[in-house]
Amino acid sequence: MKDNDIKRSIIGYFREKGASPVSGEDISRELGFSRANLWKYIKKLREEGYIIDAAPRVGYRLTAVPDEITPYEVDPGPGTRVFGKTDIHCFKSLTSTNVEAYRLAETGAPEGTLVIAETQTEGKGRMGRKWVSPAGGGIYMSVILRPRVPLDRVSPMALVAAGAVARTIKMETGIEPSVKWPNDVMISDK
């Protein structure tokens, strides 16, 4: 299991248990690794800004998460077969998620690799236009696709993907986003 998968399983476990403290023994047993390994990963999560309280004979409790996107906060969901199931790369700032995704694809990153940034300094829009993506203005992402379809059938995939994201947001939150051509999912003008 990769480090990010282990961290995601620990964070998910805490979320599932809510505000109740959970013993290290229970966490280790249910997630399938040693208490020493659990301690190692809790220490790593704390270094990344997670507040995890610990009390002897009481257990651990997640009390706060960092105010940024991390790979283990992104839950691809149980029905996802490819997207976000492999590598998720999160950045506070990037020149462009497209440029980073392209670089990763060129080095062999698998289909479904996700690149997320909270801001882009040189975001890329359609037809070479600059994509303005200020901090706090949204979540910007690119996904590596390796479609096995003719090239003329690839273009509509962006709109289909935006529709799927909008539908998922509505199903999960009740919030009804809009889709702005060609693939922007908008909520409250963001």
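Which helix and strands each supply at least two residues of the lining of the second largest pocket? Keep that question in mind as we walk through this structure, which is a predicted model.

The answer is helix 2 (24-31), strand 1 (51-55) and strand 2 (59-64). If you would like to find the pocket yourself, look for Ser23, Gly24 and Glu25, then for Arg35, and then for the run Ala54, Ala55, Pro56, Arg57, Val58, Gly59 and Tyr60, which complete the lining. The space inside comes to about 150 Å³. Sorted by class, the lining holds five nonpolar residues, three polar ones and three charged ones.

One residue of that lining, Arg57, deserves a second look. Arg57 sits in the loop between strand 1 and strand 2, and its phi is positive, about 60°, although Arg57 is not a glycine. Why might that catch your eye? Most residues other than glycine have a negative phi. Is Arg57 buried or exposed? With a relative accessible area of 86%, Arg57 counts as exposed, because the cut-off for that word is over 50%.

Now let us move along the chain to Gly136, which is found in the loop between strand 5 (130-133) and strand 6 (140-143). Gly136 is exposed too, since its relative accessible area is 57%. Leaving aside residues up to four places away in sequence, Gly136 touches Glu118 and Lys190. Thr119 is 17 residues from Gly136 along the chain, and the C-alpha atoms of the two are separated by 7.6 Å.

Next comes helix 5, and here you can try a little reasoning. This helix covers residues 157-173, which makes 17 residues; at 1.5 Å a residue, it should span 24 Å. The C-alpha atoms at its ends are 24 Å apart, so the expectation and the model agree. Just after helix 5, Gly174 takes a positive phi of about 85°.

Our last stop begins with a peptide bond. The bond from Trp181 to Pro182 is cis, with omega near 0°. Most peptide bonds, by contrast, are trans. Pro182 lies in the loop between strand 7 (178-180) and strand 8 (184-186). In the segment after strand 8 you will meet Asp189, which has a positive phi of about 60° although it is not a glycine. Asp189 is exposed, because its relative accessible area of 76% is over 50%.

Conventions. Residues are numbered from 1 along each chain as its sequence is written. This is a predicted model: local features need pLDDT of at least 70, side-chain atom pairs count only at pLDDT 80 or more; totals for chains, interfaces and linings use all residues. Side-chain values use heavy atoms; hydrogens and water are left out. On a 1 Å grid over the protein atoms alone, a cavity is a set of points where a 1.4 Å probe fits but cannot get out, and a pocket is an open set with protein on both sides within 12 Å along at least five of seven lines; lining residues have an atom within 4 Å of a point. Grid points are joined across faces, edges and corners, and a volume is the space filled by probe spheres set on the points. Helices (H or I, at least four residues) and strands (E, at least two) are DSSP runs, numbered from the N terminus. Ala, Val, Leu, Ile, Met, Phe, Trp, Tyr, Cys and Pro count as nonpolar, Asp, Glu, Lys and Arg as charged, and the others, Gly among them, as polar. Buried means under 20% relative accessible area, exposed over 50%, partly exposed in between (1.4 Å probe, protein chains only). Contact means heavy atoms within 4.5 Å. The expected span of a helix is 1.5 Å times one less than its number of residues.
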